[in-house]
Amino acid sequence: MKKKLLSLLLAGTMVLSLAACGGSSSGSGDESKAPEANSGSDSDELTVWTWDPNFNIKAMEKAGEMAGIKVNVVETSSTDCETKLTTAATSGQWDTLPDIVLMQDNSFQKFLDSYPDAFTDVSDCGIDWSQFSELKQAYSMKDGKHYGVPFDNGAVIACWRTDILEQAGYKVSDLTDITWQKLIEIGEDVYKKTGKYMLSGQADSPDTILMMLQSCGAALFDEEGKAYIEGNPALDKIVDIYVEMVEKNVYLEVNSWDDYIGTLTKGTVAGAVNGNWITASIMGTAEQKGLWEITNMPAVDGVEGATHYSNNGGSSWYITKNCKNVELAEKLLTDTFGSSTDFYDAILPETGAISCYAPAAETEAYKEPQAFWNDQPIFATIVEFSLQTPDNFKSPYHYEARSAVGTAVQAVIGGADKASSLKSAQQELEFNMQ
């Protein structure tokens, strides 16, 4: 009965997941399109489920081309990938699954924990795992075994409008290697002189808080996997900083994702701190070319181990139980996503997909100055940032914790007692974890 209940929760709640690159779990494909079953495809052909024709799908098609392997990519939203996987695992109908599926990093632990037999151990597929950060590997690992091959990079960057900063007498160098309290100090001055906020975000999404927590190597769970919201010193400090930013007109809360993107494209704010995939949305405003630069994010004041590096988003490839030719699937993933700088150079201009693979940062393509970003070599910088992001404890209940903390923070902003609000969030998470 407990297993059945968990299956229903998985099917229903995973729709809240963030997409790897932009905040929507739907990807850009047709939501009504049901994934096609693999149905025993030729052993020389691999069926893959993924979403977004201009990003993940294009990257996988290029991988098949460069590896000389026939790949049948079925456009499948992130939500559908998760729901169909749950259905297959609970019914035992593994033949409804593809050979390979893409899954969001923050979603996967729940599926691996619930359905360990659904995925193939790829620890010995020939990938040099040391070339990926410990954080990226941890998303798809359990008991020291690797189940996923890393794909896109979710490293956090701070993006700043140089023209807005200059109006207030600042440069991006003034926002490099700083703390959040220093950002508040600068932000108050910028708002006073220009009327612009420094940052923005959705009021119902605590992503900024989770990025800050990750940058400290801290989490909403302890090492035993128990809820750790109440009495969490890093979170306690971070909530104070976040509320102060909102109250002092440094951080603008908005109601939707579209509103958030609008604050960037319309110049309502001076910058963004988010996963590096935010660059695609910023670059959609051509007239802002040359007005943006990136640097590292602020570090949390007064927290031991705090860094300037974090992660938000990202995804990895998984070989399912239904794969008829595991050796071929491993070859596809290992020879491209797992080891080839030529592959990452090839997909960079076509998809904008930035690698987690450390050697990619040393290629000419990644070191190329980008005109939109005031000639900064942002791709190499992003890879370097990803390698410095501290690891933290992963839990299958990531999204339940995220929701509980988001509710608590909004209550505090509305005037509620912080300690009581975080205690309520702790109790909510503990209830959902039972």
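Helix α16 is followed by Gly 415, whose phi is positive, near 110°. The structure is a predicted model. This briefing covers two helices, an open three-stranded sheet, the nonpolar cores, two loop residues and the cysteines.

**Helix α16**
- Helix α16 comprises 16 residues, 398-413, and its end C-alpha atoms lie 23 Å apart; at 1.5 Å a residue the expected span is 22 Å, so the two values agree.
- Buried positions in α16 include the aromatic residue Tyr 399, together with His 398, Glu 400 and Arg 402.
- Also buried in α16 are Ala 401, Ala 404, Val 405, Gly 406, Ala 408, Val 409 and Val 412.

**Helix α9**
- Helix α9 runs from residue 233 to residue 247; its 15 residues should span 21 Å at 1.5 Å a residue, and the end C-alpha atoms are 21 Å apart, which agrees.
- The buried residues of α9 are Ala 234, Leu 235, Ile 238, Val 239, Ile 241, Tyr 242, Val 243, Glu 244, Met 245 and Val 246.
- Among the elements covering these buried residues are the helices α7 (180-194), α8 (207-215), α16 and α17 (418-433), as well as strand β9 (251-254).

**The sheet β10-β7-β11**
- Three strands, in the order β10-β7-β11, make up an open sheet with antiparallel pairing.
- At the edges stand β10 (271-275) and β11 (292-295), each of which pairs on one side only.
- On average, neighbouring strands of this sheet are turned by 25° against each other, direction ignored.
- Strand β7 (residues 156-161) is joined to β10 by 5 bridges, and these two strands run antiparallel.
- Within this region, Ala 158 stands opposite Val 273 of β10.
- Helix α15 (residues 378-387) lies across β7 and β11, and runs at about 25° to β11.

**Nonpolar cores**
- The largest nonpolar core contains 82 residues.
- The residues with the most contacts inside this core are Met 60, Ile 100, Phe 119, Phe 151, Trp 317, Phe 337 and Tyr 366.
- Setting aside neighbours within four places in sequence, Met 60 is in contact with Val 48, Val 71, Val 73, Trp 317, Leu 332, Leu 333 and Phe 337.
- Trp 317 and Phe 337 therefore appear both as contacts of Met 60 and in the list of residues with the most contacts in the core.
- A second core, separate from the largest, has 54 residues, including Ala 168, Leu 175, Ile 178 and Ile 186.

**Loop residues with positive phi**
- Asp 52 has a phi near 70°, a positive value in a residue other than glycine.
- Asp 52 is placed in the loop between β1 (45-50) and α2 (53-67).
- Asn 374, likewise a residue other than glycine, has a positive phi near 55°.
- The loop holding Asn 374 lies between α14 (364-367) and α15.
- With a relative accessible area of 37%, Asn 374 is partly exposed, because this value falls between the 20% and 50% limits.

**Cysteines**
- The model has 0 disulfides.
- Cys 323 is in no disulfide: the nearest cysteine sulfur, that of Cys 125, is 13 Å away, whereas a disulfide requires the sulfur atoms to be within 2.5 Å.
- Cys 323 has a relative accessible area of 9% and is therefore buried, the limit being under 20%.
- Cys 356 also counts as buried, at 5% relative accessibility.

How values were computed: Residues are numbered from 1 along each chain as its sequence is written. This is a predicted model: local features need pLDDT of at least 70, side-chain atom pairs count only at pLDDT 80 or more; totals for chains, interfaces and linings use all residues. Side-chain values use heavy atoms; hydrogens and water are left out. Buried means under 20% relative accessible area, exposed over 50%, partly exposed in between (1.4 Å probe, protein chains only). Helices (H or I, at least four residues) and strands (E, at least two) are DSSP runs, numbered from the N terminus. The expected span of a helix is 1.5 Å times one less than its number of residues. Two strands pair if DSSP finds at least two bridges between them. Axes are lines fitted to C-alpha atoms, for helices over the stretch in contact, and angles run from 0 to 180 degrees between N-to-C directions. Contact means heavy atoms within 4.5 Å. A nonpolar core is a set of buried Ala, Val, Leu, Ile, Met, Phe, Trp, Tyr and Cys residues joined through side-chain atoms within 4.5 Å.
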